Amino acid sequence: MIAGLNHLTLAVRALDPSVGFYHQLLGLTLHARWDTGAYLSAGPLWVCLSLDEAAGTRREDYTHYAFSVAEADFPALCARLEQAGVSVWKSNRSEGESFYFLDPDNHQLELHVGSLASRLASCREKPYSGMMFYDDE
C-alpha cells in the first residue's frame with residue numbers, strides 16, 4: 001500500500017538557475033549538489049533536480065505541483081515571486097489561496113494555503129458537478 005509521496009524529480013536544463021530558484025527564491029532546503037543534480041527538501045518532501053537536455057517544454061494541461069504555504073507567509077512569498085518576474089500560468093478559482101507560476105524549466109507550480117480537509121469542507125458546501133464523497137472508505 002502507498003504511504004505517501006516519496007520524492008519529486010524535476011528535469012532541468014541548467015542546474016544553477018534551478019537551484020537558485022528552488023533554494024533562494026522558494027526557500028527549499030539545499031542538502032546536496034553534484035555535477036548533474038541536487039537534492040532539496042520542502043518539509044517532508046524530497047525534491048531532486050536532475051539535468052536533462054529535454055527539459056523545458058511547457059505542458060498545456062493542468063498537471064502541476066503544489067507546495068503548502070502558511071496563510072501568514074502567502075502574500076510575502078507571492079510578492080517575492082512576482083518581483084522576481086515569474087510567469088503566472090493560471091488564476092485561482094478554487095478554495096484556499098493559490099498562486100500558480102512557472103519555474104525556469106516551465107514546470108507548472110502552485111503555492112497553496114489549505115489542505116485536503118479544507119477543500120472537502122468547501123466542496124460539501126458547493127460540490128462540483130457529479131461529486132460524490134467517500135468518507136467511510
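Student: Which side chains meet in a salt bridge here?

Tutor: Happy to start there! For a salt bridge, look for a side-chain nitrogen of Lys or Arg within 4 Å of a carboxyl oxygen of Asp or Glu. In this predicted model, R13 and D105 form such a pair, with N to O at 3.0 Å. The count between domain 1 and domain 2 is one salt bridge.

Student: Where do the two domains lie along the chain?

Tutor: Bounds like these come from a domain assignment. For this protein, the assignment places domain 1 at 1–53 and domain 2 at 62–127. Taken over C-alpha atoms, their centres are 19 Å apart.

Student: How many residues of each domain are in contact with the other?

Tutor: A contact needs heavy atoms within 4.5 Å. Here 14 residues of domain 1 touch 14 residues of domain 2. Seven residue pairs between the domains are in polar contact, both residues being at pLDDT 80 or more.

Student: Which elements of domain 1 supply the side that touches domain 2?

Tutor: Helices and strands are numbered from the N terminus. Both β1 (7–12) and α1 (15–25) supply at least two residues each to that side, and α1 gives the most, with six residues. By class, the residues on this side of domain 1 are 11 nonpolar, two polar and one charged.

Student: And how much area do the domains bury between them?

Tutor: Buried area is summed over both parts. Domain 1 and domain 2 bury about 1200 Å², with 68% of it on carbon and sulfur atoms. In domain 1, the residues losing the most area to domain 2 are F21, L25 and L26, together 41% of what that side buries.

Terms used. Residues are numbered from 1 along each chain as its sequence is written. This is a predicted model: local features need pLDDT of at least 70, side-chain atom pairs count only at pLDDT 80 or more; totals for chains, interfaces and linings use all residues. Side-chain values use heavy atoms; hydrogens and water are left out. Buried area is the accessible area (1.4 Å probe) that two parts lose on being put together, summed over both. A polar contact is a pair of N or O atoms within 3.5 Å; within protein, one must be able to donate a hydrogen and the other to accept it, and residues adjacent in sequence count only if both atoms are side-chain atoms. Helices (H or I, at least four residues) and strands (E, at least two) are DSSP runs, numbered from the N terminus. Ala, Val, Leu, Ile, Met, Phe, Trp, Tyr, Cys and Pro count as nonpolar, Asp, Glu, Lys and Arg as charged, and the others, Gly among them, as polar.
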